[in-house]
Amino acid sequence: MRRDELEHLLRAAGAIADEDTLIVIGSQAILGTYPEAPADVLKSIEADLIPPRHPERWNLIDGVIGEGSPFHETFGYYADGVEETTAKLPEGWKERLVAICNDNTRGVRGLCVEVHDLLLSKYYAGRPKDLVFTRALAAAGLANRTTLIERLAVTEMTDDMRAIIAARIERDFAGEETGGAQTGPND
């Protein structure tokens, strides 16, 4: 999914859910910080969107522009309406959201989960596609190992899960000397 496609989804989902702001929590949230992210991290054709003012309207987003919808068939990408509890995120994640709002969103603000918070949610989910995503982001130098470890310490989870995620981070950043990128371009 490209940035302009995410902007299209924000515009459409905002109209469907009567929201002027949507939170992007899935892998496509990377487009908030890195609008020109490498192709190997943009393989997903769906964006996970939370309607914060009307959280119960996640199902409207799913029904109208979700997987298998006429929207999906027409454009080749779709939105998953989700709830805030869908992703495991570190303390303070809402203060670090990265905004997308431009002519293409027609005033709908997309608040994208910041790259390190996004990575932690993917490490926690641990599905094969999530771990491919984390490796690709680390290899591209789009995240910082130290920041991930710091945020891992303030993410609610069991000690066993914390150890698993720490090992996943170490695997992805093995051999790294500089710590990777800490910030991305601003909108």
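**A helix and a strand, questioned**

Biologist: Which residues does Leu6 touch, not counting residues up to four places away in sequence, and what does contact mean?

Modeller: Leu6 touches Met1, Val24, Gln28, Leu31, Ala47, Ile100 and Cys112, where contact means heavy atoms within 4.5 Å. This is a predicted model, in which local features need pLDDT of at least 70 and side-chain atom pairs count only at pLDDT 80 or more, while totals for chains, interfaces and linings use all residues. Residues are numbered from 1 along each chain as its sequence is written, and side-chain values use heavy atoms, with hydrogens and water left out.

Biologist: What makes a nonpolar core, and which residues have the most contacts inside the largest one?

Modeller: Such a core is a set of buried Ala, Val, Leu, Ile, Met, Phe, Trp, Tyr and Cys residues joined through side-chain atoms within 4.5 Å, and buried itself means under 20% relative accessible area, with exposed over 50% and partly exposed in between, for a 1.4 Å probe and protein chains only. The largest core has 55 residues, and Leu6, Ile30 and Tyr123 have the most contacts inside it. Helix H1 gives the most to this core, with six residues.

Biologist: Why is H1 called a helix, and how does its reach compare with the expected span?

Modeller: Helices are DSSP runs of H or I with at least four residues, numbered from the N terminus, and H1 has 15 residues, so it meets that requirement. The expected span is 1.5 Å times one less than the number of residues, and H1 reaches 21 Å from its first C-alpha to its last, close to the 21 Å expected. Because 12 of its 15 residues are buried, H1 is largely enclosed by the rest of the structure.

Biologist: How do you know that Arg11 has no salt bridge?

Modeller: A salt bridge is a side-chain nitrogen of Lys or Arg within 4 Å of a carboxyl oxygen of Asp or Glu. Arg and Lys count as positive and Asp and Glu as negative, with His and the chain ends not counted. Buried Arg11 has Glu7 as its nearest side chain of opposite charge, 6.7 Å away, so the 4 Å limit is not met.

Biologist: Why are E1 and E2 said to pair?

Modeller: Strands are DSSP runs of E with at least two residues, and two of them pair if DSSP finds at least two bridges between them. E1 (residues 21-24) and E2 have two bridges in the antiparallel sense, so they qualify. Four bridges join E2 to E3 (residues 78-81) in parallel.
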